[in-house]
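Here is a short walk through one protein model. Take a look at the sequence and the fold, then read on.

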Amino acid sequence: MLDPIIAFFERIFHWIGRGIGMVIAWILWPFMIAGRWYRRRGFILKAVIGVIVLGIVALYAIFIWNALWIRNFDPDYPDKFDLKPMEITAGDQPTVENSAETTRTCSRSAIVDVMSELIDFNVDQNAWMSSTLLYKLGFFGLDWDATPFLDNKASFQRGVQQAMQRTAIELVDALGRVRGTSAADKNLEDARGWLNYGEDRWYVTINGFVPSFVQPTPVAYREGRKQLLEFNDRLEKCEAVFDVRADNLIRFVDRIAADIGSTSAELRDRAVKSNAGWFDTRADNSFWYAYGQLYAYYGVLKAAHADFNDIIVSRRLTDVWDTMEGQLRATLALDPVIVSNGREDGWIMPSHLTTIGFYLLRVRSNLVEVRSILDR
């Protein structure tokens, strides 16, 4: 009675096995042909080719080692900054009396310090993947973003960097000048330019058929970090401005909410276009980009709590702001082994894009509530 059913599944697994075998054969046949050609060559040519092959293998080993995991990843990284509400908000200028003279000191910006840490985390503690040569070359000519492996770290880093670019713009346009009317701070303006540098620049770029040498992306981002640190050093000496006002906080929250809303819309579009579950090779890119963005904004918004503490307390925003920080931290607890873009009601292949999109909208709702209270 069960023989037809057993025979049916035997045929299914037989064809699956044949399909896997054909894929493996398709991948291996160039190497088999190259091996036969190599065995017929002379010793010198074999030695040269062997050195080249070993070099390529070493490069791929380093690439895979860098791409497999995110080093020093810590969702609670803001805690290292001791971001308790400050008695002196960023940019305030108390005076300390000495017997000889009056020394002016000011408070650093926690937002700028967190940004500096995130840039260091992205390009120094980790290799910046998007501009590495092997990432640019792809997998046998196929863009790594179109594969199901070795691209999650690059997507996460791009999400973090997007948050850095957005925050740098706000520092230049509003926070780093008096009421938006004075000249832009030179350090912040330079930092914005460096942080908006192309994410995939290697040492050589080709325009048409003409190669030219350029600064690689990590070098540019390090220069942006250097400019941010110089700004904060000047701020600590009362030589720069950090304009802590309610309307600046409203604008800052608005821009972050818009940025998160844009990412949420992209997640929805991807979820609508495909419900291929684990076989959607682009789903992990969308998920880890959004995750990286929230990872960065978690630290930035905790830092903003410290920088704008007087305003948050005076507008009775502390509970709402703490709730928003809690929602962000809860999102960072998501850690699927394989990102699936299945049906929303699927149980074998769920939709992780819908899940993180739900968390994004909760955070955005908190930001809108903060803005509404500030605007009263």
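The paragraphs below go from the overall fold to a disulfide, two loop residues, a buried histidine and two pockets.

This is a predicted model. The protein has 376 residues, and 41% of them are buried. Its secondary structure consists of 12 helices and four strands. Take the contacts in the protein with a separation of 6 or more. Residues 24 or more positions apart account for 75% of them.

Turn next to the cysteines. The model holds one disulfide. Cys106 and Cys238 form that bond, with an S to S distance of 2.0 Å. The link joins distant parts of the chain, for its two ends are 132 residues apart. Cys106 sits in the loop between β2 (102–104) and α3 (110–123). Cys238 sits in the loop between α7 (217–236) and α8 (246–273). The bond also has a hand. The torsion about the S-S bond is about 110°, so this disulfide is right-handed.

Are the two cysteines buried or exposed? Both Cys106 and Cys238 are buried. For Cys238 the relative accessibility is 13%. Buried means under 20%, so Cys238 falls in that class.

Now consider the backbone. Most residues other than glycine have a negative phi. Cys238 has a positive phi, near 65°. Asn72 has a positive phi as well, near 60°. Both residues are found in loops: Cys238 between α7 and α8, Asn72 between α2 and β1 (95–97). Their surroundings can be set side by side. Cys238 is buried, whereas Asn72 is exposed. The relative accessible area of Asn72 is 53%. Exposed means over 50%, so Asn72 qualifies.

A histidine comes next. His305 lies in helix α9, which spans residues 283–307. Its relative accessibility is 9%, so His305 counts as buried. Which side chain makes a polar contact with the side chain of His305? The partner is Glu325, at 3.1 Å. Glu325 also belongs to a wider set of neighbours. Leaving aside residues within four places in sequence, His305 is in contact with Ile312, Trp321, Asp322 and Glu325.

Helix α9 leads on to the pockets. The largest pocket has a volume of about 510 Å³. It is lined by 23 residues. Closest to its centre are Leu68, Asn152, Trp288, Pro336 and Val337. Three elements each give two or more residues to this lining: α2 (43–68), α5 (152–175) and α9. Which of them gives the most? Helix α9 does, with three residues. By class, the lining of the largest pocket has 16 nonpolar, two polar and five charged residues.

The second largest pocket has a volume of about 350 Å³. Its lining is made of 19 residues. Trp128, Ser131, Thr132, Leu133 and Trp202 lie nearest its centre. Here the elements that give two or more residues are α2, α4 (133–137) and α7. Helix α2 gives the most, with four residues. This lining divides into 14 nonpolar, three polar and two charged residues.

Some elements turn up again along this route. Helix α2 gives two or more residues to the lining of the largest pocket and also to that of the second largest. Helix α9 carries the buried His305 and gives three residues to the lining of the largest pocket. Helix α7 contributes to the lining of the second largest pocket, and the loop between α7 and α8 holds Cys238 of the disulfide.

Notes:
Residues numbered from 1 in each chain as written. Predicted model: local features only at pLDDT ≥ 70, side-chain atom pairs only at ≥ 80, totals over all residues. Heavy atoms only, no water. Disulfide = S-S within 2.5 Å. Buried < 20%, exposed > 50% of the residue type's maximum accessible area, 1.4 Å probe, protein only. Polar contact = N/O pair within 3.5 Å; in protein donor to acceptor, adjacent residues only side chain to side chain. Contact = heavy atoms within 4.5 Å. 1 Å grid on protein atoms, 1.4 Å probe; cavity = no way out; pocket = protein on both sides within 12 Å on 5 of 7 lines; lining within 4 Å. Points joined across faces, edges and corners; volume = space filled by probe spheres on them. Nonpolar A, V, L, I, M, F, W, Y, C, P; charged D, E, K, R; others polar.
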